Amino acid sequence: MSYIGAQPTDTPSLSHQTFYGFKYNVATGNLTIDVIDDDTKIIKLPDPSILDAEDYTDHFWSQDGVSYGWGNNGHIKVIYP
C-alpha cells in the first residue's frame, strides 16, 4: 500500500487524509479517479485474490492534495504540491 505523507499509524489518522482510488474499465478503456475527502462514500478496498471490474486497480491516501494532468507523451501525470 502506498502512502504520501503520514503513515496510517501516524497522527493525523487516515480519517484526516484524502483517498485517491483508480478504477480501470477493461471493456471501455475508461479510467476513473475517485477523490474522497469526507464521509460521503464508503471506500471498499479490493481483495487481491478476486478480480472484480468494480474494484480499485490502485489506491493511496495523501495528507496533501494532488492534481492530475496530461504529460507531453499523452500519459496521465500526478502533480504533487
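Me: How do strand 5 and strand 6 pair, parallel or antiparallel?
Reply: Antiparallel, over 4 bridges, with strand 5 at residues 67-70 and strand 6 at residues 76-79. Pairing here needs at least two DSSP bridges between the two strands. The model is predicted: local features need pLDDT of at least 70, side-chain atom pairs count only at pLDDT 80 or more, and totals for chains, interfaces and linings use all residues. Residues are numbered from 1 along each chain as its sequence is written, and side-chain values use heavy atoms, with hydrogens and water left out.

Me: Which residue stands opposite Ser67 in strand 6?
Reply: Ile79.

Me: And what sits between strand 5 and strand 6?
Reply: A turn of 5 residues, which makes the pair a hairpin. Gly74 in that turn has a positive phi of about 90°.

Me: Zooming out, how many helices and strands are there?
Reply: 0 helices and 6 strands. The pattern along the sequence reads β-β-β-β-β-β. Both element types are DSSP runs numbered from the N terminus: helices are H or I with at least four residues, strands are E with at least two.

Me: Which strands does strand 2 pair with over 6 bridges and over 5 bridges?
Reply: Strand 2 (residues 18-24) pairs with strand 3 (residues 31-36) over 6 bridges, antiparallel. With strand 4 the count is 5 bridges, again in the antiparallel sense.

Me: Who faces whom across strand 2 and strand 3?
Reply: Lys23 is opposite Thr32. Tyr24 is opposite Leu31. The hairpin of these two strands has 6 residues between them, and Gly29 there takes a positive phi near 80°.

Me: Is strand 2 mostly covered or uncovered?
Reply: Mostly covered, with 5 of its 7 residues buried. Buried means under 20% relative accessible area, exposed over 50%, and partly exposed in between, using a 1.4 Å probe and protein chains only.

Me: What's the value for Gly21?
Reply: Gly21, in strand 2, has a relative accessible area of 0%, so it is buried. Its bridge partner in strand 4 is His59.

Me: What else does Gly21 touch?
Reply: Skipping residues up to four places away in sequence, Gly21 touches Thr32, Ile33, Asp34, Tyr56, Asp58 and His59. Contact means heavy atoms within 4.5 Å. The C-alpha atoms of Gly21 and Ile43 are separated by 8.8 Å, with their positions 22 residues apart along the chain.

Me: Why does Thr18 count as buried?
Reply: Because its relative accessible area is 14%. Thr18 is also in strand 2. Beyond neighbours within four places in sequence, its contacts are Val35, Ile36, Asp37, Phe60, Trp61 and Ser62.

Me: Where is Trp61?
Reply: In strand 4, residues 58-62. Trp61 is buried, at 10% relative accessible area. Its C-alpha is 4.5 Å from that of Phe19, though the two are 42 residues apart along the chain.

Me: Back to Thr32: buried, partly exposed or exposed?
Reply: Partly exposed, at 40%. Thr32 lies in strand 3 and contacts Gly21, Phe22 and Lys23, leaving aside neighbours within four places. From Thr32 to Thr57 the C-alpha distance is 10.0 Å, for residues 25 apart in sequence.

Me: OK, pockets. How much space lies in the largest pocket?
Reply: About 230 Å³. Of its 13 lining residues, the closest to the centre are Leu51, Asp52, Asp55, Tyr56 and Thr57.

Me: How is a pocket defined?
Reply: On a 1 Å grid over the protein atoms alone, a pocket is an open set of points where a 1.4 Å probe fits, with protein on both sides within 12 Å along at least five of seven lines. Lining residues have an atom within 4 Å of a point. Points are joined across faces, edges and corners, and the volume is the space filled by probe spheres set on them.

Me: What classes make up the lining?
Reply: 8 nonpolar, 2 polar and 3 charged residues. Nonpolar covers Ala, Val, Leu, Ile, Met, Phe, Trp, Tyr, Cys and Pro; charged covers Asp, Glu, Lys and Arg; the others, Gly among them, are polar.

Me: Last bit: what are the whole-protein numbers?
Reply: Of 81 residues, 21% count as buried. Among contacts with a separation of 6 or more, 47% link residues 24 or more positions apart. Accessible surface is about 6000 Å², with 53% of it belonging to carbon and sulfur atoms. Areas come from Shrake-Rupley with a 1.4 Å probe, and for residues only the protein chains shown count as cover.
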